[in-house]
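Got the viewer open? Let's take a short walk through this structure, one selection at a time.

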Amino acid sequence: MSDEERQIRRICKRLGIKLGKCKVHDGRRWSYDGKILDIYHRFSGWMGVHPAADSMHDIAHWVCCPNTRKQLPEFGLGEGVDTKSRYAERQCSVEEAVQEEQFASMLGILMERAAGMNWRECWVRHGWSNTSLSELVEVRRNLKSWLEHTDTPLEKVLEICK
Ligand SMILES: [Zn+2]
């Protein structure tokens, strides 16, 4: 097991995220089946070439997801927001899904940074490098206020990642 995988597991444990293997559906595997987060498929090379960053992004989705959708496959976000692996049924509006995707992206990168990982690669890959400073500040502010209504405010999440 790599140091990064060990680090990801430690963060999940501290956040109370249950890890395991999700079942395969039509040759594809959910990252989250409503109960367990599957980081195995990422670290085993089953999916994705950025296992640590993509796992951190999944963890960020778990953190950002409202309790009303936390028991749904892929957090009820449905297919097509950012990844072809999301083919579970969408249980929110497209606008909500897009907003949550943006929050998860920003949070995952902030978590990578707090954990001392290579956050810059994901920063570029998720398209943030072309975003204006004022927009970045606004997204971070909105993310912080979004998480204040959860059990895991932003500061607490970032502290857990250190
Ligand atoms: Zn996502």
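Start with the whole chain in cartoon view: you'll find 7 helices and 2 strands. Follow the ribbon from the start and the order reads α-β-β-α-α-α-α-α-α. Keep in mind as you go that this is a predicted model.

Now zoom out and turn it around. The C-alpha trace spans about 40 × 35 × 30 Å along its principal axes. The radius of gyration is 15 Å, close to the 15 Å that the globule rule gives for 162 residues, so the chain is as compact as a globular protein of that length. Buried residues account for 32% of the 162. And if you take contacts between residues at least 6 apart in sequence, 51% of them link residues at least 24 apart.

Next, select residues 51-64, which form helix α3. How many of the 14 residues in α3 are buried? The count is 13, so to speak a mostly covered helix. Try a distance between its end C-alpha atoms as well: they sit 20 Å apart, which agrees with the 20 Å expected for 14 residues at 1.5 Å a residue.

For the last stop, select helix α4 (residues 94-114) together with helix α6 (residues 133-147). Their axes are 10 Å apart and the packing angle is about 100°, which makes α4 roughly perpendicular to α6. Show side chains where they meet: Q102, F103, M106 and L107 come from α4, while V139, R140, L143 and W146 come from α6. Colour that contact by class and you get 6 nonpolar, 1 polar and 1 charged residues.

Note on methods:
Residues are numbered from 1 along each chain as its sequence is written. This is a predicted model: local features need pLDDT of at least 70, side-chain atom pairs count only at pLDDT 80 or more; totals for chains, interfaces and linings use all residues. Helices (H or I, at least four residues) and strands (E, at least two) are DSSP runs, numbered from the N terminus. The expected span of a helix is 1.5 Å times one less than its number of residues. A residue is buried if 20 or more other C-beta atoms lie within 10 Å of its own, exposed if 12 or fewer, and partly exposed in between; C-beta atoms are placed from the backbone. Axes are lines fitted to C-alpha atoms, for helices over the stretch in contact, and angles run from 0 to 180 degrees between N-to-C directions. Angles under 35 degrees count as roughly parallel, over 145 as roughly antiparallel, 65 to 115 as roughly perpendicular and the rest as oblique. Two residues are in contact if their C-beta atoms, placed from the backbone, lie within 7 Å. Ala, Val, Leu, Ile, Met, Phe, Trp, Tyr, Cys and Pro count as nonpolar, Asp, Glu, Lys and Arg as charged, and the others, Gly among them, as polar. The radius of gyration is taken over C-alpha atoms; the globule rule is 2.2 Å times the number of residues to the power 0.38.
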